[in-house]
Each structure stands twice: as structure tokens, then as C-alpha cells.
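Here are my notes on the charged side chains and one histidine. Please read them with the structure open.

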Amino acid sequence: MLRAAGVGAGDEVIVPAFGNVEVAEAVTQAGATVVFADIDPVTYCLDAGAVESVVTPQSAALVVVHRFGRSADMVRLREVGQRHGFLVLEQGESEAPYDEVAQRRERAAYLDVRLSGVQTPVGGDGHTYQQYVVRVPGNGRPDRDAFARAVRARGVECRVPVKTPVHRMPGFRRDIHLPETERAADETLALPVDGELTKREMQRIVSACNALGGLLQPAF
């Protein structure tokens, strides 16, 4: 899409650093320069104000990535694109059947009211819970990673959704500070929320997390 729009050498394309490296790679393959913007801490998608702050006369496009079943604020992001005259592209997630989404929402609601010691995701806005991403409060990556190991030891599968932001990866390393991106990379953990989970498995998730959550103190 970038090539079809004529984006290439001399152009800048704004992308999120929180997520897959493939988006940044697509920009370089088109011959353009990658520019990273920070995310909204609730949706984990690009923040319109952060995008506005990195716009330059060379900005030719913005690639918005919807994350974990939450949609970015496309109204505000398109307004930024229109104001500065650049292309706004979207990368969505694969759509699940309605029944599967309903089951995920049901299990997410179960976790929302029972989990303690972690920050549960904010629902609304048609959240489909492609991943149920919580935050483990503490003083950074070691707390989240220790929490994940302890939860796995109790028989609960979990995963770190974004281990390293793209602006910290070789080939795309930038001397910039994206506070919400870096905080999310340090604190987020995806817990199971698949539709086939049984009530007993859901109870195990709650039990494992709540047994550990009280040991972690939020960092201020």
C-alpha cells in the first residue's frame, strides 16, 4: 500500500514501536524513513497527540495498528492526517466469528471482577479480546517476568505480548524516549481468555494470579 501510494525515498512514515517489527520493515522496503510515535496506555495503539508531535514536512504516511482487540482512535488520527496532508493506513487484526468473540468477552468479564494485584484491561469500544492483556505493577521488567514465571509454575499459560519495542531493536534503534511504549513493554502480560477454557481453568488463572498479586507494590 505504501508503494502504491508513491511513498518512497525522502518520505517519513510514522508507525508504533510497540508491536511487530514487520510494519517498520515494510516502511524501509518502500525506501522511506521510519518515525516512531508513542502509544495510548489504554488501547496500546498510536496516540494522536504523540503522532502530532513527530510530524515533519517530510511526513508522507501514518500506519495505525489495532492491538489486542482494541481499536485505535481513528477519528483523531485521521484528523491529524488530514491536517498535515498525509496518508493514513490501518493494519487490523484477523476477525474472529461472533460466537468466539462473545465467549472471549464472557471470560474477560469473569477475570475483570476476580483478579487482584494486576491491572485488568479497559473494555468498551467493541473490545474483542484477541488477547487479555493485564499490567503487572512494580518497578519494571523483572517484576513482570518473575510474575509470569510464577504463574506458569502454577499451571497457567501466559505470554509477554511485546518483549522489545521496535525502537530498541537492531536496525531500528533510535535515541528517543517513548514512555508509554516502554512502560507497556515492561509491564504487560497476556493471560488466557480463549473460548474453550473451562470454568475450572478460569478459576486456576484467578487463583494463580491472586496468590502473587498481593506481593507486588505499584510503583509511583
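1. Start with the surface charge. This is a predicted model, and in it Arg149, Arg152, Arg159 and Lys163 gather in a surface patch of positive charge. Lys163 sits in the loop that runs between α5 (141–153) and α6 (179–187). Its relative accessibility is 58%. Lys163 therefore counts as exposed, since the cut-off for that class is over 50%.

2. Next, the salt bridges. Side chains of opposite charge can pair when their charged atoms come close. How many salt bridges does a search of the whole structure find? The count is 8. Three of them are taken up below, in points 3 to 5.

3. Arg78 and Glu90 form one of these salt bridges, with N to O at 2.7 Å. Arg78 belongs to helix α3 (residues 74–84) and Glu90 to strand β4 (residues 87–91), so the pair ties together parts 12 residues apart in sequence. Arg78 is partly exposed, at 39% relative accessible area. Glu90 is partly exposed too, at 37% relative accessibility.

4. Arg107 and Glu106 also meet through their side chains in a salt bridge. Here the N to O distance is 3.9 Å. The cut-off is 4 Å, so the pair counts. Is each partner buried or exposed? Arg107 is buried, with a relative accessible area of 14%. Glu106 is exposed, at 54% relative accessibility.

5. Arg168 pairs with Glu182 in a salt bridge, and their closest N and O atoms are 2.8 Å apart. Where do the two residues lie? Arg168 is in the loop between α5 and α6, while Glu182 is in helix α6. The salt bridge therefore ties together parts that are 14 residues apart in sequence. Arg168 is partly exposed, with a relative accessible area of 29%. Glu182 has a relative accessibility of 17% and counts as buried, because the cut-off is under 20%. Lys163, from point 1, lies in the loop between α5 and α6 as well.

6. Last, the histidine. His127 is placed in the loop between α4 (98–114) and β5 (132–135). Is His127 buried or exposed? His127 is buried, with a relative accessible area of 6%. What does its side chain reach? The His127 side chain reaches the backbone nitrogen of Tyr129, at 2.9 Å. Please look at this contact in the viewer.

Terms used:
Residues are numbered from 1 along each chain as its sequence is written. This is a predicted model: local features need pLDDT of at least 70, side-chain atom pairs count only at pLDDT 80 or more; totals for chains, interfaces and linings use all residues. Side-chain values use heavy atoms; hydrogens and water are left out. Patches are made of residues with over 30% relative accessible area and no salt bridge: like charges are joined within 9 Å, nonpolar side chains (Val, Leu, Ile, Met, Phe, Trp, Tyr) within 5 Å. Accessible areas come from the Shrake-Rupley method with a 1.4 Å probe; for residues, only the protein chains shown count as cover. Lys and Arg count as positive and Asp and Glu as negative; His and the chain ends are not counted. The place of a charge is taken as NZ of Lys, CZ of Arg, CG of Asp or CD of Glu. Helices (H or I, at least four residues) and strands (E, at least two) are DSSP runs, numbered from the N terminus. Buried means under 20% relative accessible area, exposed over 50%, partly exposed in between (1.4 Å probe, protein chains only). A polar contact is a pair of N or O atoms within 3.5 Å; within protein, one must be able to donate a hydrogen and the other to accept it, and residues adjacent in sequence count only if both atoms are side-chain atoms.
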